[in-house]
Amino acid sequence: MQRTYVAKNEQIGESWDRKWYVVNADGKRLGRLASEIATILQGKHKPIYTPHVDTGDYVVVINAERVELSGQKWDQKLYQRHSGWIGGLKEMPYRRLIERRPTLPLREAVRRMLPKTKLGRRMLRKLKVYVGPEHPHRAQNPTELAI
């Protein structure tokens with residue numbers, strides 16, 4: 001009888017090294033790119049995937065401001081935040097948000113696809129999003145990931 005493998009926190013650093021991947025977001029759809037990145041951050045692409053252990057890899061996203069949306073979402077898609085005070089709901093369309101904070105839409109899309117727990121917050125810290133083609137993670141020798 002074959003047993004199911006369960007990864008442990010102590011084993012992740014020893015035998016299964018975390019890899020670094022670079023993803024070029026130029027011309028990619030926001031939701032499709034975010035779901036692939038969330039899969040890699042969780043470690044679901046590995047045979048040792050265990051839901052309660054962080055087995056994922058690091059992802060560096062370049063050209064985050066060039067992510068595309070379909071249809072009329074540039075003007076219709078709204079991002080909301082609330083200050084906590086009465087009447088503190090702020091709404092901003094995607095077009096204005098991408099001008100002010102170009103990395104936020106991709107980061108938010110990935111964050112919402114990860115678990116809403118401490119483990120999900122730890123996974124999100126492995127996501128590095130940058131505007132333009134340059135990033136400071138050359139020393140980690142990231143491999144290009146075609147999505």
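Trainee: Let me start with one residue of this predicted model. What does tyrosine 58 count as, at 23% relative accessibility?

Mentor: Tyrosine 58 counts as partly exposed at that value, because buried means under 20% and exposed means over 50%. Now try tryptophan 20: its relative accessible area is 15%, so it is buried.

Trainee: How many aromatic pairs does a search of the whole structure find?

Mentor: The search finds 3 aromatic pairs. One of them joins the residues we just discussed: the ring centres of tryptophan 20 and tyrosine 58 are 4.3 Å apart and the planes meet at 5°, so this pair is stacked. Planes under 30 degrees apart count as stacked.

Trainee: Which parts of the chain does that pair tie together?

Mentor: Tryptophan 20 belongs to strand E1 (residues 20–24) and tyrosine 58 to strand E2 (residues 58–62), so the stacked rings tie together parts 38 residues apart in sequence.

Trainee: How do tyrosine 79 and tyrosine 94 pair?

Mentor: Their rings are tilted, with 6.3 Å from centre to centre and 35° between the planes. Tyrosine 79 sits in strand E3 and tyrosine 94 in helix H4 (residues 94–100), 15 residues apart, and the pair links these distant parts of the chain. Tyrosine 79 has a relative accessible area of 11% and is buried; tyrosine 94, at 1%, also counts as buried. Together with Trp74, Tyr79 and Tyr94 form one aromatic cluster.

Trainee: You mentioned E3. How does strand E3 run with strand E4?

Mentor: First, the general idea: along a regular strand, side chains alternate between the sheet's two faces. Here, E3 (residues 78–82) and E4 (residues 89–93) run antiparallel and are joined by 5 bridges. Glutamine 80 stands opposite glutamate 91 in E4. The two strands form a hairpin with 6 residues between them, and glycine 84 in the turn has a positive phi of about 100°.

Trainee: And pockets? What lines the largest pocket?

Mentor: The idea is to roll a probe the size of a water molecule over the atoms, which shows where empty space is left. In this model, the largest pocket holds about 240 Å³ of space. Its lining includes Tyr79, Gln80, Glu91, Leu97, Arg101 and Arg112. E3, E4, H4 and helix H5 (104–113) are the elements that give two or more residues to that lining.

Trainee: How many residues of each class are in the lining of the largest pocket?

Mentor: There are 7 charged, 4 nonpolar and 1 polar. Notice how the picture joins up: Tyr79 belongs to the aromatic cluster and also lines the largest pocket.

Key: Residues numbered from 1 in each chain as written. Predicted model: local features only at pLDDT ≥ 70, side-chain atom pairs only at ≥ 80, totals over all residues. Heavy atoms only, no water. Pairing = 2+ DSSP bridges. Helix = DSSP H or I, 4+ residues; strand = E, 2+ residues; numbered from the N terminus. Phe/Tyr/Trp six-rings, centres within 6.5 Å; stacked < 30°, edge-to-face > 60°. Buried < 20%, exposed > 50% of the residue type's maximum accessible area, 1.4 Å probe, protein only. 1 Å grid on protein atoms, 1.4 Å probe; cavity = no way out; pocket = protein on both sides within 12 Å on 5 of 7 lines; lining within 4 Å. Points joined across faces, edges and corners; volume = space filled by probe spheres on them. Nonpolar A, V, L, I, M, F, W, Y, C, P; charged D, E, K, R; others polar.
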